Amino acid sequence: MVNVAVLGYGTVGSGVVEIINGGQFLKKAGDEINVKAILDIRKFPGDTYENLVTDNYDNILGDDEISIIVETMGGLKPAYDFTKRALLKGKSVVTSNKELVATHGAELLSLAKENNVSYLFEASVGGGIPIIRPLNNCLAANDITSILGILNGTTNYILTQMFKNGVSFENALSDAQAKGYAEQNPAADIEGHDACRKIAILSSLAYGKHINSNEIKTEGITKISSADVNYAEAEGYSIKLIGRSKNLGDGVYACVSPVMLPKGHPLSDVEDVFNAILVNGSATGDVMFYGKGAGKLPTASAVVADVIDIVKHKGYGAPFWEDGGVTVAINPDPVKMYVRVCDNGRGASAVTAIFGEVKMLKSEPGEIVFITDNLPENEFDDCILKLQGILGQDSIINTITVL
Ligand code: HSE
């Protein structure tokens, strides 16, 4: 019998307990698995597992029968301290906590190695989609050249509800919270920080060096309006929040932002809470991973798979990357941009004078909307400054990368 303690009895933690204690894992894991304790400062009167709940972490750490800790608390405090203490005590840790993995992953992976235990985090990216293990194991023969993904279920759900079903931003967000998709502070979702942590984790794993999520240029979905979506759709594009990175050999480029994807692009029809991740390998070419990116049972499924893996393999082939050494580079590729500006009557001639030939879109009165040709990102930024100089500081309504 392998005993597990679950830290945090929220959406994911309760899903983990439900799956483990409701399942028969003897055949799959080669041993029975049992949740022996649940750590939470709250009480859960009437819950089937209320007797397992404790608020004393020392009791869990001191229980030699508990060999695996599942951390589903989220955030850095106290999860970082609890994880380190567990690893130092010789207990393996499984987590869904992307903030912790993105921030301290390299250090915690080293600590796990030194203590001959595992630190696994399949659930930290893509909810129920297998992506960490495939990147680490199945694609091991490849140099990974790039990653492009819809990495946040909440924002994809909001964009779909708003623009396909006419639901307001606020209602779509409340619905995502009620369904257990959103972070405790949903700003992490809508401002792109959650997707940023996930692209940092995937890129660190794929390229072998820790990539600091604070260095990744990140923009969320708060500036996307129905007008942007209408303009995009009229041109045959959908708008998605995309995390992307590229291996430059001597560095890494990574960013998170809304992107206009042409219809027919493999990510353009990914809707609702679904995530999809396109990985380019030197031998395989493009490989795509698709599934539910958030929610109780999909995420708990990935956590429990890690637990089973530890029981079966004692952490064999655990993911690893080195600490430090990589700074996030500027975009090496030219960009094509959608630009929407207020027109004061001089807009069209100013746009042509600054950007040269652009594709003008049919726009509402008082606005000019266009798509640029490919140009280096710093040149685009300079052109926008020049346009603001002519049309006014507040003239730029929105700019979106076009793939
Ligand atoms: N808030 C996250 C999302 C949860 O919406 O994708 C899964 O990581």
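Which polar side-chain atom lies 2.6 Å from an oxygen atom of the ligand? In this predicted model, that atom belongs to the side chain of Thr 154.

## Polar contacts of the ligand

Besides the approach of Thr 154 at 2.6 Å, an oxygen atom of the ligand is placed 2.8 Å from a polar backbone atom of Gly 153. A nitrogen atom of the ligand is also involved, lying 2.8 Å from an N or O atom in the side chain of Asp 189. Of the 260 Å² of accessible area that the ligand has on its own, the protein covers 94%.

## Pocket and surrounding shell

The largest pocket is where the ligand sits. Two elements give two or more residues to the shell around the ligand, namely α7 (153–165) and α10 (193–207).

The ligand is surrounded by Lys 98, Asn 152, Gly 153, Thr 154, Tyr 181, Ala 182, Glu 183, Asp 189, Asp 194, Lys 198, Gly 293 and Ala 294. Sorted by class, this shell holds five charged, four polar and three nonpolar residues.

## Aromatic pairs

Eight aromatic pairs are found when the whole structure is searched. One of them joins Tyr 157 and Tyr 181: the ring centres are 5.5 Å apart and the planes stand at 70°, over the 60 degrees required, so the pair is classed as edge-to-face.

The pair connects distant parts of the chain, with the two positions 24 residues apart in numbering. Tyr 157 belongs to helix α7, while Tyr 181 lies in the loop between α8 (169–178) and α9 (187–190). Tyr 181 is also one of the residues that surround the ligand.

## Backbone features in loops

Two loop residues call for a remark on backbone geometry. The peptide bond that runs from Lys 77 to Pro 78 is cis, its omega being near 0°. Pro 78 is located in the loop between β4 (66–71) and α4 (79–88).

Asn 116 has a phi near 60°, which is a positive value in a residue other than glycine. The loop that contains Asn 116 lies between α5 (98–114) and β6 (119–120).

Terms used:
Residues are numbered from 1 along each chain as its sequence is written. This is a predicted model: local features need pLDDT of at least 70, side-chain atom pairs count only at pLDDT 80 or more; totals for chains, interfaces and linings use all residues. Side-chain values use heavy atoms; hydrogens and water are left out. A residue is near a molecule or strand if one of its heavy atoms lies within 4 Å of it. A polar contact is a pair of N or O atoms within 3.5 Å; within protein, one must be able to donate a hydrogen and the other to accept it, and residues adjacent in sequence count only if both atoms are side-chain atoms. Accessible areas come from the Shrake-Rupley method with a 1.4 Å probe; for residues, only the protein chains shown count as cover. On a 1 Å grid over the protein atoms alone, a cavity is a set of points where a 1.4 Å probe fits but cannot get out, and a pocket is an open set with protein on both sides within 12 Å along at least five of seven lines; lining residues have an atom within 4 Å of a point. A molecule sits in a cavity or pocket if more than half of its atoms lie within 2 Å of its grid points. Helices (H or I, at least four residues) and strands (E, at least two) are DSSP runs, numbered from the N terminus. Ala, Val, Leu, Ile, Met, Phe, Trp, Tyr, Cys and Pro count as nonpolar, Asp, Glu, Lys and Arg as charged, and the others, Gly among them, as polar. Rings of Phe, Tyr and Trp (its six-membered ring) pair if their centres lie within 6.5 Å; planes under 30 degrees apart count as stacked, over 60 as edge-to-face and the rest as tilted.
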